[in-house]
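Reader: Hi, I have just opened this one and could use some company while I look around. Could we go through it together, beginning with the cysteines?

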Amino acid sequence: MITTSLPIANELSGSKHDVNLMKYFSDTRYLIMVLTHGCNLRCNYCGAGATEANSPVMSLTMAKRIADIFFSFSQCDFIQVQFHGGEPLLLSDAWYHEVVQHINDLSNQYGKKTIYGIQTNGTLLTEQRIKQFRLLNVNLSVSFDGTPAINDLWRSCGKTVERSLQLLEGAGRDPGIILVLHKDNCSHIKDILTYFENNNWTKLKILTLQPLGNYRSEDNLCGVKIFNAFRDTIEYQSESAKMYECVTMKMVDSYVNGRRKGQMNCAEMECQAGRYSVAIDYNGDISPCNSNTWGEKIGNILTGFNLKKAREVVASFHRKDRWYTRCFSCPARRICMYGCTLSWKNNIPAREGECRATRLLYDYFDSHSGMIHKLYENKKAQTSIAFH
């Protein structure tokens with residue numbers, strides 16, 4: 001029996017396999033398990049609206065029941081399971097070992113291939129934990145916004161995160177870093193990338209600050225600042241054999257090859273949230289994505305699930321207003337990342353900033369077409385892995 005000092009969220013009261021769940025999950029291939037809303041940090045911009053570190057966590061019973069239902073109903077052969085929070089590493093090593101082993105058994109039973117990921121703030125990693133996650137084949141992605149000094153302007157514990165990333169690199173794990181672009185790091189991108197590459201941290205994803213959670217309107221980035229940061233990222237990659245930033249390289253791929261048809265992901269006007277991916281929290285509540293766990297629920301995996309309501313919630317989540325009509329005649333839509341479906345509902349200036357940055361980037365690509373095509377050729381193998 002695994003015990004924890006953290007409070008366990010509501011235990012199961014019993015549930016039957018609902019035909020509505022079967023219909024809903026049949027096409028779902030990406031499961032985000034929101035293990036807790038608790039976190040040991042208090043980042044200024046936290047999009048998850050994280051609570052205290054001693055907040056409820058997902059029980060083993062709940063995690064196994066979610067996996068049982070998801071894997072029995074999903075008709076997809078390839079499944080991605082992401083452990084999210086809050087801070088998911090607040091849960092114990094023993095918890096992860098038992099849950100991953102259970103999901104591995106389900107994968108074998110249903111003939112599926114499953115990959116795992118954890119999005120962490122990096123402060124709770126140790127050599128022992130890194131070793132266990134390597135044995136479990138769980139990939140780790142760490143939030144880090146620059147050098148420790150730059151990181152700590154909006155987050156904290158930068159030196160601890162730096163040490164965790166060094167431990168990952170020393171263990172032969174190329175850590176994936178997620179950097180949130182904000183007004184205090186956007187003008188230092190080349191210095192940050194140099195620092196990352198000097199430490200052999202060469203897999204990176206840059207996300208612009210989104211109007212979610214603790215976001216403040218005064219934190220909006222203008223389009224020119226976003227453009228400058230992404231231009232600097234592209235220019236750095238053109239001179240580096242190792243560095244790979246996946247958002248700008250997605251744009252480069254789209255510029256060279258055109259938008260890839262039939263894809264539904266976070267880079268499209270119609271993303272996969274609530275369709276091919278789903279977030280389920282520690283109470284069994286189902287949301288379109290992990291960014292919306294405080295919003296209207298699709299249903300609950302244990303206590304009830306109305307398929308008509310679920311479809312209405314997902315449709316409302318994705319509904320666009322008239323602002324988006326500009327997109328259909330815009331040449332920059334070839335490379336556009338379209339922002340976050342959820343966060344853009346909340347903040348027109350955030351839309352305008354990213355829209356302006358995208359149009360400037362498209363003009364930059366046109367005026368530097370030779371460099372963009374060469375960059376694509378140099379990174380083609382990595383791009384193929386990332387986007388196919």
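Author: Gladly, and please keep in mind from the start that this is a predicted model. The sulfur of C327 has its closest cysteine sulfur in C336, at 6.1 Å, and that is too far for a bond.

Reader: OK, and what about C330, which cysteine sulfur is closest there?

Author: For C330 the closest cysteine sulfur belongs to C355, at 6.0 Å, which is again too far for a bond. A disulfide needs the two sulfur atoms within 2.5 Å, and a search of the whole structure finds zero disulfides.

Reader: Is C327 buried or exposed, by the way?

Author: C327 counts as buried, because its relative accessibility is 10% and the cut-off for buried is under 20%.

Reader: Let me zoom out for a moment. How many helices and strands does the protein chain have?

Author: The protein chain has 12 helices and 10 strands. Its C-alpha atoms fill a box of roughly 60 × 45 × 40 Å when this is taken along the principal axes.

Reader: And what radius of gyration does the chain have, set against a compact globule?

Author: A compact globule with 388 residues would have a radius of gyration near 21 Å, and the protein chain, at 21 Å, agrees with that. Of those 388 residues, 55% count as buried. If you look at contacts between residues at least 6 apart in sequence, 76% of them join residues at least 24 apart.

Reader: What about the surface, how much of it belongs to carbon and sulfur atoms?

Author: The accessible surface of the protein chain comes to about 16900 Å², and 50% of it belongs to carbon and sulfur atoms. As for charges, there are 45 positive and 38 negative ones, and their mean positions are 5 Å apart.

Reader: Now I have clicked on E162. Where does E162 lie, and what does E162 touch?

Author: E162 lies in helix α6, which covers residues 158-170. Not counting residues up to four places away in sequence, E162 touches F144, P148, Y195 and W201.

Reader: Why does E162 count as buried?

Author: E162 counts as buried because its relative accessibility is 11%, and under 20% is what buried requires.

Reader: You listed Y195 among the residues that E162 touches. Which residues are buried in the helix α7?

Author: Helix α7 runs over residues 189-198, and its buried residues are I189, I192, L193, Y195, F196 and E197. What covers them includes α5 (148-151), α6, β5 (176-181), β6 (203-208) and α8 (223-239).

Reader: And what comes just after α7?

Author: Just after α7 you find N200, with a positive phi of about 65°, although N200 is not a glycine. N200 sits in the loop between α7 and β6 and is partly exposed, with a relative accessible area of 34%.

Reader: Where else should I look for a positive phi on a residue that is not a glycine?

Author: Try N137, which has a positive phi of about 60° and is placed in the loop between α4 (127-135) and β4 (138-143). N137 is exposed, with a relative accessible area of 58%.

Reader: While we are on backbone details, which peptide bond is cis, with omega near 15°?

Author: That is the peptide bond from G85 to G86, and G86 is found in the loop between β2 (78-84) and α3 (93-110).

Reader: Going back towards E162, how far apart are T123 and E162 in space?

Author: Their C-alpha atoms are 9.0 Å apart, with their positions 39 residues apart in sequence. T123 lies in the loop between β3 (113-120) and α4, and T123 is buried, with a relative accessible area of 13%. Leaving aside neighbours within four places in sequence, T123 is in contact with N40, L41, C157, T160 and V161.

Reader: Last one, where does Y376 lie, and is Y376 buried or exposed?

Author: Y376 lies in helix α12, residues 369-387, and is buried, with a relative accessible area of 9%. The C-alpha atoms of Y376 and S238 are separated by 9.0 Å, although these residues are 138 apart along the chain.

Technical notes
Residues numbered from 1 in each chain as written. Predicted model: local features only at pLDDT ≥ 70, side-chain atom pairs only at ≥ 80, totals over all residues. Heavy atoms only, no water. Buried < 20%, exposed > 50% of the residue type's maximum accessible area, 1.4 Å probe, protein only. Helix = DSSP H or I, 4+ residues; strand = E, 2+ residues; numbered from the N terminus. Rg over C-alpha atoms; globule rule 2.2 N^0.38 Å. Contact = heavy atoms within 4.5 Å. Areas by Shrake-Rupley, 256 points an atom, 1.4 Å probe, with all protein chains shown as cover. Lys, Arg positive; Asp, Glu negative; His and termini not counted. Charge placed at Lys NZ, Arg CZ, Asp CG, Glu CD.
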